[in-house]
Amino acid sequence: MSTQGNSNSTVAPNFEVLIVGSGIAGLSAAIACREKGFNVTILEAAAEFTHVGAGIFLGGNASSILCHWGLRKQMDKCAARQKRTIFVNHDEGKTLKVAEYAELEKQIGFPLWQLHRADLHDVLLARAQELGAVFKMGHSVKTYDWERPSALLDDGTSIAADVIMAADGYRSYARSNMLGRVDEPRPSGNSAFRALIPCELLAGDPSLKPIINWEDQTTYVWVGAGCHVVGYPVREGKFYNIVLTQPAIHTADSKYVVSVDPSEVLELYKSWDPRLVSILQHLPADTLEWRLCDLEPMESCIFQGSKIVLIGDAGHAMLPSAAQGAGASIEDGAALGELLARARGKEDIPRVLRTYQKLRQPRLAAIVRGARADAKRWHDKKSTGSGTTSEWSWDYDVMTEAREIELEA
Ligand SMILES: Cc1cc2nc3c(=O)[nH]c(=O)nc-3n(C[C@H](O)[C@H](O)[C@H](O)COP(=O)(O)OP(=O)(O)OC[C@H]3O[C@@H](n4cnc5c(N)ncnc54)[C@H](O)[C@@H]3O)c2cc1C
């Protein structure tokens, strides 16, 4: 692995950190480790970065970390502060519950942000590059040697490091390697239609004015009838981000992401709130159906030898109803950076990873289970939308926790 200059922070051991995957989890880990002065190499299977995904929410648990990394200005440029969530019933659009966030945000002390995943990825990528992380694109890792530890590329090359963070997503090869069997994520039985609709197409309908208002960022959640729909504007109000969750249709078998005909979506939701139907009339041709899966909370996220760790969706894929998959991935990276900085030498790395696991597993399991409970509740015909379980997870400071937890033996 190449040697890089240290960032501003000074830390004694100069570990070689190898990260597999450059999604939100991999990039967050790269920033956290470079901030502490470790050498970071990222292996990414894709030949180049592409703008995938749509809107995502970040609670104070994630925004606080981004602010600590000095990214507040960049985030404020591309993210909106979420003011409230309005739950409405599916057919009449009658308001069931309004959750205002001004007080909560003040109490947390950090913003509740909503933005396009690609914009978050851009911000993290630019920072990781600025800090000197080395990116190796088109490098796919399918096998790991836990003893060295090292990652084996498709062409047989082996890349060793002091510690490896596997951030290769929800269909992780690393997880299957660790478990010694192919481990596909657990299908929830539901799927999500996900699309970005140009707001200029919606502006002609006066009933949609409060829904697409960028400055007064409000998330609408339509609940009931075995489905739920979440929508909010992104990219300075240029697009309306919409996610419709229902029993899986084209992804019910083994497919993970497929294109759908917008008229099929409209047909499915034609008897819902007329405002929602008005929005759905403008669904783009590139509307996708995503199979919704998660992972049973894992007892262990570290390989034998305790030098390789699963982070992000690879270790804790969850249903989007928690709106915490990316947030928890940012936490993972921040926690590892803080914990590794407490190691006195390479011999401490296994202790660090065991401590990481002790710190992370209870919280991650609670978020994963909360997401399942939310999805179930919102699909109930009598749903009132009340009791969004993930709110409890927004006020959390993983960096302090990682600095203060006693290191495992
Ligand atoms: C409908 C929907 C809505 C969502 N809404 C939210 C939300 O509001 N808030 C939120 O926080 N989260 C949300 N999420 C979840 C969030 O997007 C994910 O949890 C998060 O992006 C996971 O990041 P990751 O880096 O772990 O994985 P990924 O983004 O999947 O990145 C994995 C990376 O690893 C690379 N890779 C894969 N295999 C290999 C290999 N063998 N070798 C090398 N590289 C490899 C991939 O190319 C990719 O770059 C949502 C998800 C969905 C589906």
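On a 1 Å grid laid over the protein atoms alone, a pocket is an open set of points where a 1.4 Å probe fits, with protein on both sides within 12 Å along at least five of seven lines, and its lining residues have an atom within 4 Å of a point. The structure examined here is a predicted model, in which local features need pLDDT of at least 70 and side-chain atom pairs count only at pLDDT 80 or more, while totals for chains, interfaces and linings use all residues. Residues are numbered from 1 along each chain as its sequence is written, and side-chain values use heavy atoms, with hydrogens and water left out.

The domain assignment gives domain 1 (16-83 + 111-185 + 295-404) and domain 2 (188-294); such bounds come from an automatic or database domain assignment. Taken over C-alpha atoms, the centres of domain 1 and domain 2 are separated by 27 Å. Across the boundary, 36 residues of domain 1 are in contact with 26 residues of domain 2, where contact means heavy atoms within 4.5 Å.

The second largest pocket brings the two domains together again: domain 1 and domain 2 each supply at least three residues to its lining. The space in this pocket comes to about 290 Å³, a volume being the space filled by probe spheres set on the grid points, which are joined across faces, edges and corners. The lining consists of 13 residues, and those nearest the pocket centre are G53, R194, L196, D286 and L288. Two elements, β13 (186-198) and β18 (288-294), give two or more residues to this lining; strands are DSSP runs of E with at least two residues, helices are runs of H or I with at least four, and both are numbered from the N terminus. Of the elements, β13 gives the most, with three residues. By class, eight lining residues are nonpolar, three polar and two charged. Here Ala, Val, Leu, Ile, Met, Phe, Trp, Tyr, Cys and Pro count as nonpolar, Asp, Glu, Lys and Arg as charged, and the others, Gly among them, as polar.

Attention now turns to the sheets. One open sheet has three strands in the order β3-β7-β4, with antiparallel pairing; two strands pair if DSSP finds at least two bridges between them. The edges are held by β3 (55-58) and β4 (80-81), each with a single partner strand, so one side of each is left without a neighbour in the sheet. Four bridges link β3 with β7 (residues 113-116) in the antiparallel sense, and I56 stands opposite L115 in β7. Helix α5 (residues 117-130) packs on this sheet, touching β3 and β7, and its direction makes about 95 degrees with that of β7. Axes are lines fitted to C-alpha atoms, for helices over the stretch in contact, and angles run from 0 to 180 degrees between N-to-C directions.

Another open sheet of three strands, also antiparallel, follows the order β9-β10-β11. Its edge strands are β9 (141-145) and β11 (158-160); each has a single partner, so one side of each is left without a neighbour in the sheet. From one strand to the next, the twist averages 30 degrees. β9 is joined to β10 (residues 150-153) by four bridges, with Y144 opposite A151 in β10. A hairpin with four residues connects β9 to β10. The loop between β9 and β10 holds P149, and the peptide bond between R148 and P149 is cis, with omega about -10 degrees. On the other side, β10 and β11 pair over three bridges in the antiparallel sense, and S150 stands opposite A160 in β11. The hairpin of β10 and β11 has four residues between the strands, and G156 in this hairpin takes a positive phi near 95 degrees.

A positive phi also appears in a residue other than glycine: for S306 the value is near 55 degrees. S306 lies in the loop between β18 and β19 (308-310).
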